[in-house]
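Subject: Structure for your review

Dear colleague,

Please find below the structure that I am handing over to you. My findings follow it, arranged by topic.

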Amino acid sequence: MQRYNTQYTKRNSPGLEGVLELEMEVVSEYLHVGSGIYDVEILKPLSDIDQLVESAIKGNIPDVSNYFSPLVHEMNRYLDRIVIPGSTIKGLVRTRLELSVRDSCFIVSSRSNSSSETYKKIFRYPKPRRSDRFPDNVCPVCDLLGNSGLSSRVSFSDFVMDQGKIDYVNVRGQYYESSVKGSKFRGRVVYHSLKATDLGMLLYGLGFRIKNGQLKGKVMLMGRFKYSDKRFGRIVFSLVSPMQEYVKALNEFVNRFKPYDYNEEW
Ligand SMILES: [Zn+2]
């Protein structure tokens, strides 16, 4: 039974409950979402290193570049599989909604790296807007995804790579572990206590648009080099089991909120 509640702060009122099963496909040559872990291998035996240190102490600064492998930037792994953290997916959805939904606050986007010219071109020089005066006044995006002091009504699992290939891509002398074009990740978004327009907003934030009466994911940018190197960072979400209910919810959201849309394919 669906119930519509216009009061944003009533968070545990009955509403839509469910799970979106999602697939995320890499549509650019590569995708690198860093784990913050760098790996360097020592290529020569340790006795050589001892000699090296000794000669350095005596004042000869040696060239050590042959002793170490180039820096490798790794992706996240869980049980030996490449994963994109749920927090990364949530951050992507949140920044897009903050940029698209009028009168939303700008808490995440204002912290992101917005000095890139490509970013400005895509998002047309977004300007910081108001912040919420919690608890009386909560914007629609915080109402859905939470903020400090307000819990989220949506949670994102990690996305696990279950098809595709990994490659190590040399960018300016360093290697980036990357999922190559056509690689697919699976994950889920669990939601509770949503109105239809909230569900529509969530789908919109994941890049879904209505084409010929069907939901279709648009190209979105994610991860390292997305604004600086066209080989990197383009992904598309799709629903594993699309339902007519989702089309209806997205339609309701678009009609009510008139969100701004952005073309991320630069
Ligand atoms: Zn807000």
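Ile210 stands opposite Leu215, a residue of strand S12. The model in which this is seen is a predicted one. The two strands concerned are S11, residues 208-211, and S12, residues 214-217, which pair in the antiparallel sense over four bridges. Together S11 and S12 form a hairpin with two residues between them. In the turn, Asn212 has a positive phi of about 50 degrees.

Arg209 also deserves a description. Its charged end sits over the ring of Tyr204, 3.5 Å from the ring centre. A second arrangement of this kind involves Arg102, whose charged end sits over the ring of Tyr260 at 4.1 Å from its centre.

I turn next to the salt bridges, of which the structure holds 15. One of them joins Glu264 to Arg96, with the closest N and O atoms 2.8 Å apart. This pair links distant parts of the chain, since Glu264 is in the segment after helix H6 (244-257) and Arg96 is in helix H2 (residues 86-100), 168 residues apart. Glu264 and Arg96 are both buried.

Another salt bridge is formed by Lys58 and Glu54, where the closest N and O atoms are 4.0 Å apart. Lys58 has a relative accessible area of 63% and is therefore exposed. Glu54 is partly exposed, because its relative accessible area is 48%.

Helix H3 supplies a further example. Glu117 forms a salt bridge with Lys120, and their closest N and O atoms are 3.6 Å apart. Both residues lie in helix H3, three residues apart, which is about one turn of the helix. Lys120 has a relative accessible area of 21% and so counts as partly exposed, the cut-off for buried being under 20%. Elsewhere, salt bridges that share partners join Arg96, Arg209, Lys218, Asp261 and Glu264 into one network. Arg209 thus appears both in this network and over the ring of Tyr204.

The aromatic residues form the next topic. A search of the whole structure finds nine aromatic pairs. In one of them, the rings of Tyr119 and Phe123 have their centres 5.0 Å apart and their planes at 55 degrees, so this pair is tilted. Tyr119 and Phe123 both belong to helix H3 (residues 117-123) and are four residues apart, about one turn of the helix. Is this pair buried or exposed? Tyr119 counts as buried because its relative accessibility is 5%, and Phe123 counts as buried because its relative accessibility is 3%. In addition, ring pairs link Tyr30, Tyr176, Phe225 and Phe232 into a cluster.

Finally, there is a feature of the surface. Which residues make the nonpolar surface patch of about 210 Å²? The patch is made by Val40, Val64 and Phe68. Phe68 is located in the loop between helix H1 (46-57) and strand S4 (72-78). The relative accessibility of Phe68 is 35%, so this residue counts as partly exposed.

In examining the model, you may wish to begin with the hairpin of S11 and S12, and then to follow Arg209 to the network that also includes Arg96 and Glu264.

Yours sincerely,
A colleague

How values were computed:
Residues are numbered from 1 along each chain as its sequence is written. This is a predicted model: local features need pLDDT of at least 70, side-chain atom pairs count only at pLDDT 80 or more; totals for chains, interfaces and linings use all residues. Side-chain values use heavy atoms; hydrogens and water are left out. Patches are made of residues with over 30% relative accessible area and no salt bridge: like charges are joined within 9 Å, nonpolar side chains (Val, Leu, Ile, Met, Phe, Trp, Tyr) within 5 Å. Accessible areas come from the Shrake-Rupley method with a 1.4 Å probe; for residues, only the protein chains shown count as cover. A salt bridge is a side-chain nitrogen of Lys or Arg within 4 Å of a carboxyl oxygen of Asp or Glu. Buried means under 20% relative accessible area, exposed over 50%, partly exposed in between (1.4 Å probe, protein chains only). Rings of Phe, Tyr and Trp (its six-membered ring) pair if their centres lie within 6.5 Å; planes under 30 degrees apart count as stacked, over 60 as edge-to-face and the rest as tilted. A charge sits over a ring if NZ of Lys or CZ of Arg is within 6 Å of the ring centre and within 35 degrees of the ring normal. Two strands pair if DSSP finds at least two bridges between them.
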